[in-house]
Amino acid sequence: MDNTTRSKLSRNAIIQAALIIIGRDGPRRLTLDAIAREAGVSKGGLMHQFRSKEAVLRAMLEYQAEYFDTFSQHYMTEAGTTSPEANLSTQIAVAREAVTTQKSVAFAMLGAISEEPGLLSMFKEIDAKKIESIKTEAVDPELATLRWYAARGMLLSALLGQCSLSDDERQRLFDRLLDSQQWLTHNKT
């Protein structure tokens with residue numbers, strides 16, 4: 001195995017170990033020593049890949065962003081031909097997926113942000129572009145924005161453990177948010 005492949009595998013093992021630790025033990029238990037143990041690498045090997053805990057956290061966020069970007073692209077391919085608001089539908093579906101996978105990839109975001117709140121800034125520009133795409137395609141840009149924020153609110157409340165909805169209730173609400181026919185508005189006067 002060449003060095004590039006070995007390095008990629010090592011980086012991925014470290015990121016996966018960090019995700020496991022956050023999901024199992026919570027973000028406060030995420031230390032370089034714990035990551036090295038979980039990944040089965042020496043601390044020196046870990047430090048070769050990531051110079052600091054913040055670098056591991058940033059990599060987890062990038063991994064998470066890549067995961068949901070891939071999910072988004074697949075969903076957009078399908079929704080783009082059937083939905084009048086494909087960007088909105090895609091982003092609501094991404095929020096639903098994040099709730100479903102919260103103990104793995106989506107939980108990384110919460111853990112990383114709790115440790116290094118400044119890392120959240122990397123998503124502001126991305127979200128602004130998503131909102132602009134949603135508004136551009138929408139018949140009612142304000143309603144589309146409201147639907148997007150409702151989906152994000154359900155995601156964040158679930159991630160924070162503050163959602164009192166059952167899984168079935170939450171899924172029904174996501175279904176309603178995704179159903180553009182329920183949100184048709186009459187002409188504004």
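1. A helix is here a DSSP run of H or I covering at least four residues, and helices are numbered from the N terminus. Glu137 lies in one such run, helix α7. The model under review is predicted. Glu137 counts as partly exposed, because its relative accessibility is 24% and the partly exposed class lies between 20% and 50%.

2. Which residues does Glu137 touch beyond its neighbours within four places in sequence? The contacts are Pro84, Glu85, Ala86, Asn87 and Leu88. For Leu88, the C-alpha atom is separated from that of Glu137 by 8.6 Å, although the two residues are 49 apart along the chain.

3. Concerning the overall fold, the chain contains 9 helices and 0 strands. Of its 189 residues, 40% are buried. Among contacts between residues at least 6 apart in sequence, 66% join residues at least 24 apart.

4. Confidence should be read alongside these points. The average pLDDT of the chain is 84, and 90% of the residues score at least 70. By element, the highest mean, 95, belongs to helix α2 (residues 32–39), whereas α6 has the lowest, 64.

5. Helix α2 merits its own paragraph. Its buried residues are Leu32, Ala34, Ile35, Ala36 and Ala39. These buried residues pack against α1 (3–25), α3 (43–49) and α4. After α2 comes Gly40, which has a positive phi near 75°.

6. Arg147 is placed in helix α8. Is this charged residue buried or exposed? Arg147 is buried, because its relative accessible area is 2% and the cut-off for burial is under 20%. Leaving aside neighbours within four places in sequence, Arg147 is in contact with Glu85, Leu88, Ile92, Leu177, Leu178, Asp179, Ser180 and Trp183. Glu85 and Leu88 are also among the contacts of Glu137.

7. The whole structure holds 3 aromatic pairs. One of them joins Phe71 and Tyr75 and is stacked, with 6.3 Å from centre to centre and 20° between the planes. Phe71 and Tyr75 are about one helical turn apart, because they are separated by 4 residues in helix α4. An α-helix has 3.6 residues a turn, so residues three or four places apart point the same way. Both rings belong to partly exposed residues: the relative accessible area is 23% for Phe71 and 24% for Tyr75.

8. Another aromatic pair is formed by Trp148 and Tyr149. This pair is edge-to-face, with the centres 4.7 Å apart and an angle of 80° between the planes. Trp148 counts as buried, since its relative accessibility is 2%.

9. The largest pocket encloses about 580 Å³ of space. Its lining comprises 27 residues, of which Gln91, Val94, Ile126, Asp127 and Lys130 are the closest to the centre. Two or more lining residues come from each of α4 (53–79), α5 (86–100), α6 (105–115), α7 (121–137) and α8 (141–159). By class, the lining has 14 nonpolar, 7 polar and 6 charged residues.

10. One caution concerns the pocket. Helix α6, one of the elements contributing to the lining, has the lowest mean pLDDT among the elements of the chain.

Notes. Residues numbered from 1 in each chain as written. Predicted model: local features only at pLDDT ≥ 70, side-chain atom pairs only at ≥ 80, totals over all residues. Heavy atoms only, no water. 1 Å grid on protein atoms, 1.4 Å probe; cavity = no way out; pocket = protein on both sides within 12 Å on 5 of 7 lines; lining within 4 Å. Points joined across faces, edges and corners; volume = space filled by probe spheres on them. Nonpolar A, V, L, I, M, F, W, Y, C, P; charged D, E, K, R; others polar. pLDDT = per-residue confidence, 0-100. Phe/Tyr/Trp six-rings, centres within 6.5 Å; stacked < 30°, edge-to-face > 60°. Buried < 20%, exposed > 50% of the residue type's maximum accessible area, 1.4 Å probe, protein only. Contact = heavy atoms within 4.5 Å.
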